[in-house]
Structure formats: structure tokens, C-alpha cells
Amino acid sequence: MKRLLTALALPLLVLTAPAAGPRPAATEDDRLAAFFKAYLDEELKQRPLEATRLGDHRFDHLLDDVSPKARARWSKRYQTTLAELPKKIDKGKLSRGGQIDYEILAQHLTRELWLAENTRPFEDDPRIYNDYLTDSTYLLLTQSTLPKATNVKNCAARLAYVPRIIAAAKASLKAPPRVFVETAIRQNRGAISYYQSGIFEMAGETPGLSELSKPAARAVEALKDYQTFLEKTLLPRAKGDWRLGKQKFARKLELELDAGLSAKHVLESAEVELVRVEREMYVVARQLWSKAHPGKALPPDDEAGRRDTVRLVLAKVGQEHGKAQGLVGDARAGAEKIKAFIAKKDLLRLPRPDNCKIVEMPEFQRGNTVAYLNPAPPLDAKASSYYAISPPPKHWNTRTAESFLQEYNKH
């Protein structure tokens, strides 16, 4: 949705802005803009969390209905919109830019329908509910530019929906893959901790005195019950396969890329790129060899020797890393060095002020990726982007944590 809005909504919303003087006759581009605006308004009304992510704060006090019946209505709305698009809009009469917007919207609707029918995330992946249980308030306290009092009030209102989200999860989840459930279990522990203390720290509120206190306490109670469900009920029946299978994977890749590329072509390109990158890695490794392994003979220039050269140089480079507790600080320092380099070389103009914040990933978001970027919401012009980095999980042993730090070394 964010990709769609960035590419399509902004130019269309500009087209629908009122103009001074006599209004010219509506063009086909105008009709497309009106069609999309009507769709978007209804979509964001039904999906308040998506609205928040996009920077539309009209529905920050509400939260999505994610029950099976409501999700069926989502799909029905996509089907209806996709069917109505060619009936209401004559693609041949659109400008070239309008035709591209038309194609983006049609592609988005096709993709959403296919994903709903073929991936079934609400039935097969408990992690998806964590977005509604935690991100729904976290985003208000981090990326919303509304006054603090308004954001706190909206958080309190959204917390009232936590039991409803949990009820939908219990009703929908059947036999998901075990690894998804294990991740959701760890994330839900983080959610409990977040509503016990983290949300007050983030909001700058005093526990017991804040209007968040009572709704957060009720959310903690509901989340503890959900934790029992995840561990005692769902985990024993978590026997699903996370793999899509070759055919579905190929189709999903085409829909996600939307670049006219098949999975076969992507694989072939990747294999060619692999050879090129390995060759360049060897050239660089040879140049670093004497510094990385002084006095040691360079391995022979054959396939095995080239791999050994790269592997041994990487192993040496990997030893130059910080400590787990300094990972976020190291990333911030690295970003400053990158910005200084860009400015010194005059490569491009950097935005001022810098509204990208590098933060430690909240515990309730960990387990899926080492880092993520939440771009600034396109409809909230003053909002910041958040680049979150996950420290090594607490349950990792020393060897695993060291391996992690070696891979994400200073270089």
C-alpha cells in the first residue's frame, strides 16, 4: 500500500486539488484521480493501521477489524474495484502518466487478491497480528507528528481493540509453520514488556498517572492470555510448511517485482551476477592479502584457491567489529561517516534536517530481520524515517552472537 500510494496517490491528489478560475471540463485523468481517491478513502477507513503508516491520521483512534468476515470484505472490495476500473475509466483516453497510474492501481489490486487467496497470512502466520497489537501504538509514538497529548489519547483508544485482535487470531490460526509460532511467542513476550513499561518511557508518561495506565494494564492481561494460547494451544499443532512451492513462489515474485520478469529470468540474472561478484571479491581479496595475512603465501589461482583467498580475508576482516551493546551506536557513527563522505565528494545533496533516526529495534519486532527501515509516511510531510537495528537476541550463546558481529563488522 505504501508503494502504491507513493507512486500513484500523490500525483493523483495533486490533480484533484482545487484550482483558481473557471474549472476546465473533466479529463479522463481527472476521472481516474476521483476513482482512486474514492477507493483510497474507503480503504483507509477500513484499514486504520495502514492509514497511520501512510501518515493519514484521521483514524488513529481506531483499529482494523481483522475477523474472517471483515477480511472477506477486504477481498470483495478489491475484486469490485478491479472489475469497475475498466468500466469507469477508458485507459485509451488517459495521458501516458495516467496510463501508468492506471496500471499501478490494477497491479496493486491483482497482487492483493492473489496474496489473500494463496498465502493466507491471517490463518498461517501469527506474526501478522503483532502489527495490530504493538505497531498500532508504536507508530503513533514514533512517526506521528500530531501533538503528544493527541497521540497518547489515540494510543489509549487503540489499546481497547487488543482483545478483539487476539480473538480474531484465536479464531483464524489453524496449523501455521512452527518457526512462525516460535517467533510470535518471543515477540509477544516483548509486547507484554512494552505495555508494562516501554510505552510509558516512549510516551514520556508516568505509569499510574497516565491515561495509558488502565488500557495498558488490560492489554497486558489479554496478551498474557494470548501467550498461553500461543505456547499451549497453537505451538503443539504448528505443523504447517512455510514454503510456497515452486509455482506459487514464481507467481508471487512476478507480482512483487512488477517488472515483466519471470522467476526463471531472475534466477538466470542472479547466477550471472554471482560469477561477477565472486570474481570482484577475489580481486579485492588479493589486494588485501598481504595486510590480512602478512608473510603467508597467497593460495593458488584456481577455483579452490580463489575461494580460500576470499574466505580467509573475510575471516580476518570479520574480527574488526564492535560489541553487541554498541551495535546501534556503531551504526549511527557509520552513518555520519557516510554522510561526511557524500558531502566531501559532492555526490548528491543530503536533506536538511536529517529526519532519519537510527534506533534499537523494539523487542516485539525482533526475530524476522537484522534491521528494517520504516520510511517517513508520505502523507505526513514532517515525519521521520526510522532505521531499526536488532541487537543479538538474549537467548543466543556467545558463539552465535560472535558470528553475528563478525558478519556485520565495521567494514
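Both Tyr-194 and Tyr-195 are buried, and these two neighbours make a friendly starting point for a walk through this predicted model. The ring centres of Tyr-194 and Tyr-195 are 4.6 Å apart and the planes meet at 50 degrees, so the pair is tilted. A tilted label applies here because 50 degrees falls between the cut-offs of 30 degrees for stacked and 60 for edge-to-face.

How many aromatic pairs does the structure hold? There are 10 aromatic pairs. Another of them joins Phe-36 and Tyr-39, whose ring centres lie 6.2 Å apart with planes at 45 degrees, so this pair is tilted. Both residues belong to helix α2, which covers residues 28–46, and they are 3 residues apart, about one turn of the helix. Phe-36 is buried, with a relative accessible area of 1%, and Tyr-39 also counts as buried, at 5% relative accessibility.

Aromatic residues also gather in a group: Trp-74, Phe-122, Tyr-129 and Tyr-132 form one aromatic cluster. Follow Trp-74 out of that cluster and you meet a charge, for the charged end of Arg-47 sits over the ring of Trp-74, 3.7 Å from its centre. A second arrangement of this kind involves Arg-77, whose charged end sits over the ring of Tyr-78 at 5.9 Å from the centre.

Now follow Tyr-129 and Tyr-132 from the cluster to helix α7, which runs over residues 127–142. This helix has 16 residues and spans 21 Å from its first C-alpha to its last, close to the 22 Å expected at 1.5 Å a residue. Where does α7 bend? The bend is at Asp-135, by about 45 degrees. Is α7 largely enclosed or largely open? Of its 16 residues, 14 are buried, so the helix is largely enclosed by the rest of the structure.

Tyr-129 turns up once more in the largest nonpolar core, a set of 69 residues in which Tyr-129, Leu-212 and Tyr-226 touch the most other members. Leaving aside residues up to four places away in sequence, Tyr-226 touches Pro-126, Tyr-129, Leu-133, Ile-166, Ala-169, Leu-173 and Asn-188. Tyr-129 is thus found in the aromatic cluster, among the most connected members of the core and in contact with Tyr-226. A second, separate core has 8 residues, among them Trp-289, Ala-292, Val-310 and Leu-312. As background for both cores, nonpolar side chains tend to be buried together in soluble globular proteins.

Conventions. Residues are numbered from 1 along each chain as its sequence is written. This is a predicted model: local features need pLDDT of at least 70, side-chain atom pairs count only at pLDDT 80 or more; totals for chains, interfaces and linings use all residues. Side-chain values use heavy atoms; hydrogens and water are left out. Rings of Phe, Tyr and Trp (its six-membered ring) pair if their centres lie within 6.5 Å; planes under 30 degrees apart count as stacked, over 60 as edge-to-face and the rest as tilted. Helices (H or I, at least four residues) and strands (E, at least two) are DSSP runs, numbered from the N terminus. Buried means under 20% relative accessible area, exposed over 50%, partly exposed in between (1.4 Å probe, protein chains only). A charge sits over a ring if NZ of Lys or CZ of Arg is within 6 Å of the ring centre and within 35 degrees of the ring normal. The expected span of a helix is 1.5 Å times one less than its number of residues. The bend at a residue is the angle between axes fitted to the seven residues ending there and the seven starting there. A nonpolar core is a set of buried Ala, Val, Leu, Ile, Met, Phe, Trp, Tyr and Cys residues joined through side-chain atoms within 4.5 Å. Contact means heavy atoms within 4.5 Å.
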